Structure formats: C-alpha cells, structure tokens
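Please read the following walk through one protein chain with the structure open. The text moves from helices to sheets and then to the nonpolar cores.

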Amino acid sequence: MSSGDSFGSIKGHLEEALTNTALFSVLNIRATMFSRARIRVVDITTGKEIPNDPFLKLMTKPNFSQSQQDFLYSHEFFKGTGNNITRVISSKPNDIDKVFSLENLIPSQIDYNGINKFENFVFSKTEKDKVKNRSIKYKMGENEIDIPINELLFFYDVTNGLEPKSRFKSPSRIDSLIQPLMNIREAQKAKNINLKLSAKHIISSGLNGADNNMKDGLMPDEKNDIERNFMKKDIMASESNLNVHSLSNNMAKLMYDEGTNSDLLKIATAYGINRDVLDWSINGASTYDNKNQGLLQWMQNSIEFEASDFAGTWNNYFDYPKAGKRIELTYGHLSIMQAVNDLMDDRLKKKAETAKLLMDIGMSGEEAMLKVGIKEMNNG
C-alpha cells in the first residue's frame with residue numbers, strides 16, 4: 001500500500017486487497033466459491049422454477065465484458081473490501097424488463113458525494129424521493145460521472161449505519177486486520193531480503209593480529225581475485241587462510257512462515273473461513289473428513305448467507321415478492337457439496353442403525369431417534 005493511501009480509505013482497502021498476498025488469497029477463496037452459484041427464480045407459492053425469467057437472461061450476460069461468473073466474483077471481491085455498489089443501467093428504474101446492463105463499480109473510483117449526510121430520520125415518501133435524487137460521483141478515465149441513487153444497489157460486507165454518516169456504507173473488516181496484515185507484509189519483506197542475502201558472503205583473512213605477515217589483511221589484488229572466483233563457483237578451494245561469513249540470518253529460527261500462517265488464519269477467520277477450508281484451499285493439507293466438515297460449516301454460515309443477501313437485495317429492487325416470485329442462489333449442484341451430502345447421508349444411516357439397536361432392547365422409536373439425534377438432523 002502506498003504511503004498516501006491509509007487502511008481507512010476506500011482506495012487503501014482495495015489496494016491492500018490486491019497487493020497483500022494473504023488478504024488476496026482469502027478474498028479470492030470467498031469470491032471464487034460465491035461465483036460458482038446457480039441462480040434461479042422460483043414461484044413463491046409452488047416453489048417451482050421459472051426458467052425464462054428476465055433476471056436469468058440478464059445475469060447470463062450482465063454487461064458487454066463479463067460473464068455471470070465474472071460478475072458474481074467481482075461483486076463478492078469488492079464487497080469483501082467493505083462495500084460493493086452495482087449500477088443498474090435501464091430506461092426505467094426498478095423495471096427488470098427495461099434493464100440494459102449491470103456494472104459493479106470499482107470502489108476506489110467512487111466518491112460518495114455527501115449521500116450519507118442526514119440531519120433527521122427519513123419517513124415520508126417525499127423525503128425518500130429527495131434521497132433518491134442524490135448521486136455519487138464515479139471516475140472513469142478522465143471523466144467523472146454523476147450516478148443517481150435510484151440506479152444503484154448497495155451491498156454491505158458488515159452492515160451499514162454502524163458509524164455516523166454511513167447510511168449507504170459499511171465499515172471494512174480490513175480496518176480491524178491492520179496488525180496481521182502489516183505483520184505479513186513485513187515478514188515477507190524480511191524473508192525476501194534474507195533470501196537475497198543468502199547468496200552474499202563476506203570473505204576475510206583467517207589470520208589474527210598476532211601474525212605480522214598479515215597485519216594489513218588481504219592485498220587488493222588478492223581480494224579482487226577471491227571475490228571474482230568466489231562469485232563464479234558454488235565451492236572454491238583455497239590455500240589461503242580465509243574466513244567466509246554468510247550475511248543471511250537463520251530463517252528457521254526467525255519463524256517467518258509460522259508467523260505468517262498464524263496471521264493468515266486470523267484474516268481468514270475474520271471472513272468466516274475456518275482452518276480446514278483454508279488448509280484445503282491453499283495446500284490441500286486438510287483431511288477428507290475435516291475438509292468436508294469445514295466446507296459444510298463455511299457454506300452454511302458464510303457463503304449461503306452472502307448468497308441470501310445478494311438475492312434479497314435484487315428481489316427488493318425489482319419487487320419480485322410482489323409479483324409472487326423469488327430470486328435464489330444455490331450450491332447443491334457442486335460436486336464438493338454432493339460429497340458433503342453423501343457424508344451426511346452416511347451419518348444418518350449409522351444413526352438409524354443405532355436407533356434400531358436401541359429399539360430392539362426396548363426403547364420406544366421416538367426415544368431412540370431422540371437419543372441418537374435423528375430428529376435434530378432432520379430439523380436442521
């Protein structure tokens with residue numbers, strides 16, 4: 001991050017996300033999984049899918065340069081820095097049939113332009129209409145474009161309104177991660193310096209001051225000859241009495257990697273990613289069972305929550321519930337989720353077998369199922 005961009009600035013958040021290896025890895029894991037969603041629209045009453053809904057067609061090609069997966073990825077990545085604002089370009093606001101394009105706005109190019117300033121609570125329709133007439137400024141190249149609020153959807157990584165003048169803005173988790181992010185950056189910098197120094201050595205005379213013949217150390221010609229030959233060869237034999245000192249530190253004792261891994265876990269945890277998912281995503285170190293358990297927990301507590309927020313915001317913008325339909329994002333089609341479902345089925349089968357054994361020794365069916373936890377699994 002450049003000195004002019006603090007962690008607390010929008011530009012600083014995005015730049016840190018794109019340049020800090022650990023933070024990028026975490027946001028990439030989250031955005032990649034989120035972008036693999038299957039989008040569908042269902043009838044609220046029957047639960048049946050509506051295959052030709054205009055929202056599905058729009059999301060297939062949201063704009064001229066992105067696919068659905070690209071659009072979902074950029075949405076979640078930007079949101080991970082604090083906020084994502086999507087512009088709906090249409091001939092009539094809030095009408096799905098009039099939409100031409102959707103654009104996720106680059107956070108560092110947004111000027112909120114006072115839209116978060118409120119002197120009182122907003123109740124009446126007149127007051128709401130006045131708010132809709134406010135606009136942000138968005139920089140594109142050398143141009144600055146005014147975009148009214150009624151063309152914008154606001155997505156918050158934490159939630160809006162936690163701080164003064166933040167009606168349409170969320171604080172960034174990155175601000176709470178300043179220390180581990182700085183630790184990782186400094187550890188990587190120090191490790192890089194030591195790696196460079198590992199090939200550097202100081203060569204000096206091995207004789208002490210008691211030897212009058214070498215009281216002045218190496219002669220200039222001898223020094224140059226040693227430097228030239230030493231740098232050309234991995235191993236050099238010499239008849240001279242010399243000491244060779246490495247300029248690098250013992251990196252194992254400095255524990256750069258251990259410290260970085262510890263700080264990376266803190267960052268991942270702040271974004272709802274548990275250790276097993278992190279280990280599996282980065283190096284495949286997690287065991288099969290731990291990976292599946294971790295994935296299930298992560299999907300249910302984080303990714304599906306993000307998906308619900310995304311779908312809910314679009315449902316409200318286009319007033320889909322009033323039309324008797326609902327936008328949903330699902331992940332059941334993923335092979336990794338099928339593996340998790342298979343694992344859950346296997347556990348249910350084992351619980352059922354245990355329940356049968358309990359009933360064979362006289363316990364009622366209801367008591368046996370309650371004892372092994374089958375009812376809790378079905379209710380969950």
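Contact here means that heavy atoms lie within 4.5 Å of each other. The model is predicted, and the values in this text are computed from it.

A first place to apply the contact criterion is A307, a residue of helix α11, which covers residues 288-317. Leaving out residues up to four places away in sequence, A307 touches F34, L329 and Y331. Its relative accessibility is 2%, so A307 counts as buried, the cut-off for that class being under 20%. A307 is also placed by a distance between backbone atoms: its C-alpha lies 8.1 Å from that of A37, although 270 residues separate A307 and A37 along the chain.

Next to A307 in the sequence is E306, also found in helix α11. With a relative accessibility of 3%, E306 counts as buried. What joins the side chains of E306 and K79? They are linked by a polar contact of 2.7 Å. The contacts of E306, again without residues up to four places away in sequence, are R30, F34, E76, K79 and R173. F34 is thus touched by E306 and by A307.

Two of these partners, R30 and F34, are among the buried residues of helix α2. Helix α2 runs over residues 21-35, 15 residues in total, and spans 21 Å from its first C-alpha to its last, close to the 21 Å expected at 1.5 Å a residue. An α-helix has 3.6 residues a turn, so residues three or four places apart point the same way. The buried residues of α2 include A22, L23, V26, L27 and I29; A31, M33 and S35 are buried as well. At the N-terminal end, α2 is capped by N20, whose side-chain oxygen lies 3.1 Å from the backbone nitrogen of A22.

N20 also leads to another helix. The C-alpha atoms of N20 and M182 are separated by 9.1 Å, with the two positions 162 residues apart along the chain. M182 lies in helix α6, residues 178-197. Its relative accessible area is 39%, so M182 is classed as partly exposed.

Further along α11 is T313. Is T313 buried or exposed? Its relative accessibility is 19%, so T313 counts as buried; the limit is under 20%. Leaving aside neighbours within four places in sequence, T313 is in contact with L153, F154 and F155, and these three residues belong to strand β7.

Strand β7 consists of residues 152-156, and five of its five residues are buried. In a regular strand the side chains alternate between the two faces of the sheet. In β7 both faces are covered: L152, F154 and Y156 are buried on one side, and L153 and F155 on the other.

The sheet that holds β7 is open and has three strands in the order β3-β2-β7, with antiparallel pairing. β3 (99-105) and β7 are at the edges with a single partner strand each, so one side of each has no neighbour in the sheet. From one strand to the next, the twist averages 20°. Strand β2, residues 83-90, pairs with β7 over five bridges and with β3 over six bridges. I85 shows both pairings: its bridge partner in β7 is F154, and its bridge partner in β3 is L105. Helix α4, residues 68-80, lies across β2, β3 and β7 and runs at about 35° to β3.

A further open sheet of three strands has the order β4-β5-β6, and its pairing is antiparallel. Here β4 (110-111) and β6 (143-148) are the edge strands, each with a single partner strand, so one side of each is without a neighbour in the sheet. Strand β5, residues 135-140, and β6 pair over six bridges. In this pairing, D146 of β6 is the bridge partner of K137.

The nonpolar cores remain. The largest has 56 residues, and those with the most contacts inside it are F55, I267, F310, W314, L329 and Y331. Helix α11 gives the most to this core, with nine residues. A second, separate core of 14 residues includes L105, I110, I115 and V131. L105 of that second core is the residue that bridges to I85. In the largest core, F55 is in contact with I39, V41, I96, W314, F318, Y320 and I327, its neighbours within four places in sequence being left aside. L329 and Y331, listed for the largest core, are also touched by A307.

Notes. Residues numbered from 1 in each chain as written. Predicted model: local features only at pLDDT ≥ 70, side-chain atom pairs only at ≥ 80, totals over all residues. Heavy atoms only, no water. Helix = DSSP H or I, 4+ residues; strand = E, 2+ residues; numbered from the N terminus. Expected span 1.5 Å × (residues − 1). Buried < 20%, exposed > 50% of the residue type's maximum accessible area, 1.4 Å probe, protein only. Polar contact = N/O pair within 3.5 Å; in protein donor to acceptor, adjacent residues only side chain to side chain. Pairing = 2+ DSSP bridges. Axes fitted to C-alpha atoms, helices over the stretch in contact; angles between N-to-C directions. Core = buried A, V, L, I, M, F, W, Y, C linked by side-chain atoms within 4.5 Å.
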